[in-house]
Amino acid sequence: MTDAVVIGAGPNGLVAANLLADRGWSVEVLEAQPEPGGGVRSDRAVHPDFVNDLFSSFYPLSAASPVIEALRLEEEGLRWSHAPQVLANPLPDGRCAVLHQNAEATAESLDALAAGDGAAWRAQCETWDRVGADLVRALFTTMPPVRALAALGLRLRGGGALRLARSMLLPVRRLGEEEFSGEGARLLLAGNALHADLGPESAVGGGFGWLMSMLGQDVGFPVPVGGANALTDALVGRLGRRGGVVRCGERVTEIVVERGRAVAVRTAGGDTVPARRAVLADVSAPALYGGLVAPEHLPSQVLDDMRRFQWDFATFKVDWALDSPIPWRAGAAGGAGTVHLADSVDDLTRFAAQIAMGLVPDRPFVLLGQMTTADPTRSPAGTESAWAYTHLPRDIRGDAGDGGLTGSWDAAEREIMADRIEQRVEEFAPGFRARVLNRRVLAPPTLQSADANLSEGALNGGTTALHQQAVFRPIPGTGRPETPVRGLYLASASAHPGGGVHGAPGANAAQAALGVRRSFADAMALLQRSLARGSGAAAVGNR
């Protein structure tokens with residue numbers, strides 16, 4: 001009998017399995033798909049000479065994650081590559097806001113768009129230099145993040161902590177208006193907020209957009225050399241060297257609960273796989289509560305709360321093999337790995353409003369990846385492996401454009417939406433469509449069929465909005481991986497801290513299973529004592 005069964009071989013499941021194996025546990029990982037990786041996979045299906053990532057591509061959260069760093073995946077052969085620039089947002093007039101890893105270069109780019117915004121950007125970088133490390137530790141730690149919050153409290157004496165908290169809670173439109181005078185800097189923040197489902201008027205959009213921008217400034221938006229599969233291969237290889245087993249094509253249909261404890265899982269093939277110590281579920285919260293765990297094993301309050309669970313936006317993605325680089329009107333966009341296509345913050349507000357009304361946007365906000373620019377191994381010299389995606393409503397009521405899209409996503413609708421995205425690229429890069437050798441269209445049902453956690457293409461395991469973060473994730477409680485069933489832990493992006501390839505939900509679940517985390521009540525008591533000591537130190541320091 002294995003010590004632990006992990007459901008799902010996505011990055012969080014593989015991180016959890018590795019950490020358990022590090023402590024000597026026997027671990028078996030069961031994956032429904034024919035190959036491991038979840039949202040971290042690549043292939044050559046678009047064109048045999050081109051590597052395209054199916055889902056995630058750029059990994060700033062992996063680069064910043066203490067969880068990923070501690071796994072030492074470079075010993076498994078993982079290497080990272082960077083584009084010359086991190087991120088660009090070309091403007092309709094041919095100018096371009098560019099995020100570099102060098103803060104001074106970014107400031108110069110923004111000053112050229114609006115005098116004074118360079119100095120304002122440097123000020124944001126100075127704040128990040130003071131608090132960034134502690135903020136990242138707080139983000140990736142099981143709730144409550146005692147040590148990191150205490151360190152932040154000591155570092156930001158007086159009212160500094162409250163001012164930082166206010167900025168992090170602001171909508172990204174308001175943060176941009178308070179800090180910058182030009183559209184370029186504001187678009188860098190607002191576009192990064194929309195990597196999640198946070199439009200310009202959403203609370204905490206400012207914090208998320210600022211976090212992603214500062215991470216790009218600090219660690220870049222790196223990519224695995226050779227494709228996203230390289231990251232998965234490193235995790236699987238490391239686990240295998242420690243005796244862990246990954247079985248693909250094994251869809252789990254039930255978690256067996258006896259006397260309130262998870263004791264085994266059952267697969268679609270009829271196998272029962274016992275777990276001596278724990279079951280860790282890298283599945284979405286809706287799939288777990290009332291799905292894999294039958295309702296009779298759950299408190300009625302959990303089932304009631306799950307009816308209020310909110311998914312994040314749906315996603316539509318197109319992958320391309322291009323015979324040459326993208327011909328950007330704004331030449332500065334050519335060296336960026338990631339490119340955001342939005343005319344203005346108002347344009348993003350319009351886009352987010354259409355989604356809120358259930359309409360397929362007529363002028364989608366496009367997030368585009370130039371993968372050969374970031375990693376020359378992805379395609380032959382002089383070509384470009386590229387992709388773009390946009391967000392959509394989960395429940396489509398109509399089409400803001402003239403294509404009559406209904407959300408059926410049959411062959412005709414997939415082509416209409418892919419053409420709409422390509423036309424948006426063409427506005428910023430005339431001649432783009434003539435360079436397409438081949439394309440692959442991934443509509444919301446296609447994404448979900450390839451990874452059940454990507455419900456309708458939702459990338460973050462549930463909304464990133466404030467009402468479903470921290471102690472509210474995935475439902476109101478402690479924000480921790482423990483579940484009402486003993487020995488069962490939620491290890492997916494539906495758990496705190498949410499989406500992104502950083503491994504924290506898997507690590508938090510593994511630590512809880514190992515029993516190395518304090519209880520929530522004990523942690524809160526320690527936090528209160530730490531903050532009290534910090535307040536005293538701050539008072540002395542201010543005299």
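Me: In β19, which residue is the bridge partner of D319?
Reply: R440 is the bridge partner of D319 there. Keep in mind that this is a predicted model.

Me: How many bridges join β13 to β19, and which way do they run?
Reply: There are 6 bridges between β13 and β19, residues 436-442. The two strands run antiparallel.

Me: And β17, how many bridges to β13?
Reply: 9 bridges join them, again antiparallel. β17 spans residues 384-392. One pairing there is L322 of β13 with E384.

Me: How many residues of β13 are buried?
Reply: 9 of its 9 residues, 314-322, are buried.

Me: Which ones point which way?
Reply: A314, F316, V318, W320 and L322 point one way. T315, K317, D319 and A321 point the other way. Both sets are buried.

Me: Switching to aromatics. How many pairs in the structure?
Reply: The structure holds 9 aromatic pairs. Take W387 and Y389: the ring centres are 5.8 Å apart and the planes sit at 15 degrees, so this pair is stacked.

Me: Why does 15 degrees make it stacked?
Reply: Because planes under 30 degrees apart count as stacked, and the W387 and Y389 planes are at 15 degrees.

Me: Are those two buried or exposed?
Reply: Buried. W387 has 6% relative accessibility, and Y389 has 11%.

Me: Which residues form the cluster with them?
Reply: F58 joins W387 and Y389 in one aromatic cluster.

Me: Now the cores. What's in the largest nonpolar one?
Reply: It has 56 residues. W121, W128 and W210 have the most contacts inside it. Helix α5, residues 117-139, gives the most to this core, with 7 residues.

Me: What does W128 touch?
Reply: Leaving out residues up to four places away in sequence, W128 touches L135, V136, W210, L211, M214, L215 and D218. Apart from that largest core lies another, of 36 residues. V29, L231, A491 and A510 are among them.

Me: Last one, R41. Where is it?
Reply: R41 is in the loop between β2 (27-31) and β3 (42-43).

Me: Is R41 buried or exposed?
Reply: Buried, because its relative accessible area is 3% and the cut-off for buried is under 20%.

Me: What does the R41 side chain reach?
Reply: It reaches the backbone oxygen of G38, at 2.9 Å.

Me: And which residues further along the sequence is R41 in contact with?
Reply: Leaving aside neighbours within four places, R41 is in contact with residues including Q33, E35, D53, F55, N229 and D451. P36, L54, A228 and A450 are also in contact with R41.

Note on methods: Residues are numbered from 1 along each chain as its sequence is written. This is a predicted model: local features need pLDDT of at least 70, side-chain atom pairs count only at pLDDT 80 or more; totals for chains, interfaces and linings use all residues. Side-chain values use heavy atoms; hydrogens and water are left out. Helices (H or I, at least four residues) and strands (E, at least two) are DSSP runs, numbered from the N terminus. Buried means under 20% relative accessible area, exposed over 50%, partly exposed in between (1.4 Å probe, protein chains only). A polar contact is a pair of N or O atoms within 3.5 Å; within protein, one must be able to donate a hydrogen and the other to accept it, and residues adjacent in sequence count only if both atoms are side-chain atoms. Contact means heavy atoms within 4.5 Å. Two strands pair if DSSP finds at least two bridges between them. A nonpolar core is a set of buried Ala, Val, Leu, Ile, Met, Phe, Trp, Tyr and Cys residues joined through side-chain atoms within 4.5 Å. Rings of Phe, Tyr and Trp (its six-membered ring) pair if their centres lie within 6.5 Å; planes under 30 degrees apart count as stacked, over 60 as edge-to-face and the rest as tilted.
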